[in-house]
Amino acid sequence: MLLAADKGDITTIIGGIAPDWGPFGQLGNEARVMIEVVMAVAILLCLGIAIWGAAKQRIGATALRDTFSAEQGKGLIVAGLTGVFIIGSLGTLFTIVYGMAV
């Protein structure tokens with residue numbers, strides 16, 4: 001009677017759901033790390049834009065009573081969070097598109 005699964009670790013579990021890099025599967029390890037660093041910097045930049053927009057909206061709406069600044073802040077929040085979503089899902093999108101083309 002078998003009560004537990006075979007031995008494994010967390011990479012066995014999450015390795016099955018992680019994208020396989022699709023067209024970038026043949027890249028070297030250094031190139032993958034560089035792509036990940038660029039994407040991480042872009043995500044941090046987009047989060048910074050969203051935070052700047054939130055501050056601009058808050059300051060414009062309360063302290064200065066400037067409706068134009070508050071509207072600009074809303075636009076920056078939406079743009080920053082949209083950028084985070086798009087960049088965060090690029091690996092999955094590349095894998096899906098590459099899988100459909102093959």
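This briefing describes the helices, surface and charge pairing of one protein chain. The model is predicted. The secondary structure of the protein chain amounts to four helices and zero strands, and from the N terminus the elements follow the order α-α-α-α. Of the 102 residues in the protein chain, 12% are buried.

**Helix 3**

- Helix 3 covers residues 67–88, a run of 22 residues.
- From its first C-alpha to its last, helix 3 reaches 32 Å, which is close to the 32 Å expected at 1.5 Å a residue.
- The buried residues of helix 3 are S69, A70, G73, G80, G83 and I87.
- These buried residues lie on the same side of helix 3, because they cover an arc of only 150 degrees around the axis.
- The other side of helix 3 carries the exposed residues T67, F68, V78 and F85.

**Salt bridge in helix 3**

- The structure holds one salt bridge.
- The salt bridge joins K74 with E71, and their closest N and O atoms are 3.4 Å apart.
- K74 and E71 are three residues apart in helix 3, so about one helical turn separates them.
- An α-helix has 3.6 residues a turn, so residues three or four places apart point the same way.
- Side chains of opposite charge can pair when their charged atoms come close.
- K74 counts as partly exposed because its relative accessibility is 39%.

**Helix 2 and the nonpolar patch**

- V33, V37 and V41 make a nonpolar surface patch of about 230 Å².
- Within this patch, V41 has its place in helix 2, which comprises residues 29–63.
- V41 has a relative accessibility of 53% and therefore counts as exposed, the cut-off for that class being over 50%.

**Record annotation**

- An unreviewed UniProt entry lists residues 33–55 and 76–101 under "transmembrane region".
- Over residues 33–55, the model shows 100% helix and 0% strand.
- The end C-alpha atoms of residues 33–55 are 33 Å apart.

Terms used: Residues are numbered from 1 along each chain as its sequence is written. This is a predicted model: local features need pLDDT of at least 70, side-chain atom pairs count only at pLDDT 80 or more; totals for chains, interfaces and linings use all residues. Side-chain values use heavy atoms; hydrogens and water are left out. Helices (H or I, at least four residues) and strands (E, at least two) are DSSP runs, numbered from the N terminus. The expected span of a helix is 1.5 Å times one less than its number of residues. Buried means under 20% relative accessible area, exposed over 50%, partly exposed in between (1.4 Å probe, protein chains only). The arc is that of the directions from the helix axis to the C-beta atoms. Patches are made of residues with over 30% relative accessible area and no salt bridge: like charges are joined within 9 Å, nonpolar side chains (Val, Leu, Ile, Met, Phe, Trp, Tyr) within 5 Å. Accessible areas come from the Shrake-Rupley method with a 1.4 Å probe; for residues, only the protein chains shown count as cover. A salt bridge is a side-chain nitrogen of Lys or Arg within 4 Å of a carboxyl oxygen of Asp or Glu. UniProt positions are given in the numbering used here, feature names are shortened, and annotations may be inferred rather than shown by experiment.
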